[in-house]
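Visitor: Please show me the model, so that we may discuss its strands, core and aromatic rings.

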Amino acid sequence: MANSKRSRTTGHQLQLALVISMALVGTAAATTKHFHFYMHDTVTASPGNPSTVVQVTTGTTPLPGAPTTRFGDIYVVDDLLTKGPSPASEAVGRAQGFYLFAAQHELAVMHSLNFVLTKGKHNGSYVVIQARDAIADKVRELPVIGGAGRFRGATGYILLRTHLFNSTTNNAVLEIDMYLTNLSVV
């Protein structure tokens, strides 16, 4: 009886070891998919270039170095995503969601965005970003926390750079490098 019990224990340990090994092999074999595009955050409209940002709440305390920006300001966005830095470049999607100035003593926003792709085999698929963005930093890393469509189950990160910022209009063009893993369908 003792040998039978030891055999079952050893059998369970072997099964567990096999499951762990398979999980590790699957993780090692995961591929990373890279996307590169530009986001056009248009606060102030101009002829042929409508606003894609609406301020819905005005905060209370002006932020250091930015007297017209306040702690608590909230903006809803539907920004154009393009292949190149020009708004006339080929459109590849939209950045939809909101951001708010969530730090009292620095220029930092909290993003809650969906990057919805509208071209090719990824049409209609999107990733979800919820992250802090210290907008004065040269490069910011934002986590991808999920996705849908061809990006179902995605994780990863975005490297965000300010390509162009106009301090008069507050319009910005952001360069985005998105790296996705754990895609159920690519």
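Visitor: In which strand is valine 56 placed?
Guide: This is a predicted model, where local features need pLDDT of at least 70, side-chain atom pairs count only at pLDDT 80 or more, and totals for chains, interfaces and linings use all residues. Residues are numbered from 1 along each chain as its sequence is written, and side-chain values use heavy atoms, with hydrogens and water left out. Strands are DSSP runs (E, at least two residues) numbered from the N terminus. Residues 53–57 form the run that holds valine 56, namely strand 2.

Visitor: Which strand gives the largest share of the largest nonpolar core?
Guide: A nonpolar core joins buried (under 20% relative accessible area, 1.4 Å probe, protein chains only) Ala, Val, Leu, Ile, Met, Phe, Trp, Tyr and Cys residues through side-chain atoms within 4.5 Å. The largest has 31 residues, and Phe115, Ile158, Met178 and Leu180 have the most contacts inside it. Strands supplying at least two residues of this core include strand 1 (33–41) and strand 11 (172–181). The largest share, 5 residues, comes from strand 11.

Visitor: What is the angle between the planes of phenylalanine 35 and phenylalanine 151?
Guide: Rings of Phe, Tyr and Trp (its six-membered ring) pair if their centres lie within 6.5 Å; planes under 30 degrees apart count as stacked, over 60 as edge-to-face and the rest as tilted. The count by this rule is 6 aromatic pairs. Phenylalanine 35 and phenylalanine 151 pair edge-to-face at 5.5 Å centre to centre, and the angle between their planes is 85 degrees.

Conventions:
Helices (H or I, at least four residues) and strands (E, at least two) are DSSP runs, numbered from the N terminus. Buried means under 20% relative accessible area, exposed over 50%, partly exposed in between (1.4 Å probe, protein chains only).
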